[in-house]
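Hi,

Here is the structure I promised to pass on to you. Have a look at it first, and then read my notes below.

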Amino acid sequence: MSTVLPNIERLSARVIRILGLNPGPFTLQGTNTYIVGTGRRRILIDTGEGKAGYPSLVRQALREQDCKIQHVLVTHWHYDHIGGIRDVCGLQAGDSIPLFKFPRVSAADEEIGGKHLSYSFLSKDEEVFKTEGATLRALYTPGHTDDHMALFLEEENAVFSGDCVLGEGTAVFEDLFDYMKSLQRLADLNPTRIYPGHGPVVENAKKLLDDYIAHRNLREKQILDVMESGEPREYTAMDLVKVIYKDTPESLHLAAAGNVGHHLQKLQKENRICKQMALLLPIFKDRNELITYT
């Protein structure tokens with residue numbers, strides 16, 4: 001059972017979490033949004049998906065802290081993180097709130113949908129955002145999405161992980177090659193705490209990051225073990241699923257095939273499987289086996 005989280009909760013001297021009021025199987029208790037800082041102007045990380053009660057929660061938290069939003073940092077383009085932007089910006093009429101994020105590969109997908117609202121795209125990695133009581137370093141961490149950003153809170157040796165790491169369960173991703181590099185980048189920071197995009201705060205941060213990496217490495221080893229174990233032959237992602245996920249209900253096999261497909265794409269990018277290596281070559285008879293699952 002998921003941990004019950006209050007709609008508004010102070011997590012540290014400089015971090016307040018506000019839930020996006022959008023619980024679900026993929027959002028867990030809802031999207032976590034965070035007010036960061038200690039002064040009269042603070043940083044908001046993510047905005048939920050635009051649920052009706054969310055602006056009132058933000059207004060309440062700002063009023064209780066006697067502060068305003070200095071600017072908004074968006075971890076990635078998914079709607080459950082950007083859907084509340086218009087409402088948040090409307091809370092400070094006449095006071096423009098800058099919106100920062102990394103750009104997507106396709107700029108055409110970056111419309112917010114509100115008049116006079118547009119992103120200020122980050123042009124470099126590790127850009128620093130400062131407000132009273134908090135210093136945040138923006139880290140480009142693609143994999144979950146092509147524009148994903150994590151934020152390192154220097155005063156706490158903590159990471160706002162977006163959807164790269166969750167407080168419960170494991171995250172999904174678009175590109176496993178990039179995702180593994182991003183996980184390792186966060187692990188190399190040796191953080192003591194993770195403020196995730198969904199789920200409760202993670203106190204044993206480094207262990208969780210190591211566990212995420214180990215889990216994916218184990219799946220990769222299982223795939224290679226199957227492909228190297230017999231005579232040269234063609235493999236589909238579903239062929240591998242039936243061996244590796246043999247104890248998993250068949251109703252989940254299609255999702256598992258998407259997972260295996262991501263691993264195979266990563267191995268191809270690393271030149272560890274290729275057309276010249278017939279034994280290791282995955283040949284997909286049905287491209288639907290590579291559908292990203294969420």
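Strands β3 (residues 32-36) and β4 (residues 41-45) run antiparallel, and 3 bridges hold the two together. If you want a spot to look at, find I35, which sits opposite L44 in β4. Keep in mind that this is a predicted model.

Both strands belong to an open sheet of 7 strands with mixed pairing, in the order β1-β2-β3-β4-β5-β6-β7. What stands at the edges? That would be β1 (8-12) and β7 (120-121); each has a single partner strand, so one side of each has no neighbour in the sheet. Helix α1 (residues 54-65) packs on this sheet and touches β1, β2 (15-19), β3, β4 and β5 (68-73). The direction of α1 makes about 160° with that of β2.

Now scroll along to the largest nonpolar core, which has 22 residues. V165, Y179, L183, L186, L209 and Y212 have the most contacts inside it. Which elements give two or more residues to this core? They are β10 (149-153), α4 (176-188) and α5 (205-228), and α4 gives the most, with 6 residues. Try clicking on L209: leaving aside neighbours within four places in sequence, L209 is in contact with V165, L183, L186, A187, P191 and I194.

As for the whole protein, there are 7 helices and 12 strands. Of its 294 residues, 54% count as buried. The accessible surface comes to about 13600 Å², and 51% of that belongs to carbon and sulfur atoms. Among contacts between residues at least 6 apart in sequence, 62% join residues at least 24 apart.

Cheers

Technical notes: Residues are numbered from 1 along each chain as its sequence is written. This is a predicted model: local features need pLDDT of at least 70, side-chain atom pairs count only at pLDDT 80 or more; totals for chains, interfaces and linings use all residues. Side-chain values use heavy atoms; hydrogens and water are left out. Helices (H or I, at least four residues) and strands (E, at least two) are DSSP runs, numbered from the N terminus. Buried means under 20% relative accessible area, exposed over 50%, partly exposed in between (1.4 Å probe, protein chains only). Contact means heavy atoms within 4.5 Å. Accessible areas come from the Shrake-Rupley method with a 1.4 Å probe; for residues, only the protein chains shown count as cover. A nonpolar core is a set of buried Ala, Val, Leu, Ile, Met, Phe, Trp, Tyr and Cys residues joined through side-chain atoms within 4.5 Å. Two strands pair if DSSP finds at least two bridges between them. Axes are lines fitted to C-alpha atoms, for helices over the stretch in contact, and angles run from 0 to 180 degrees between N-to-C directions.
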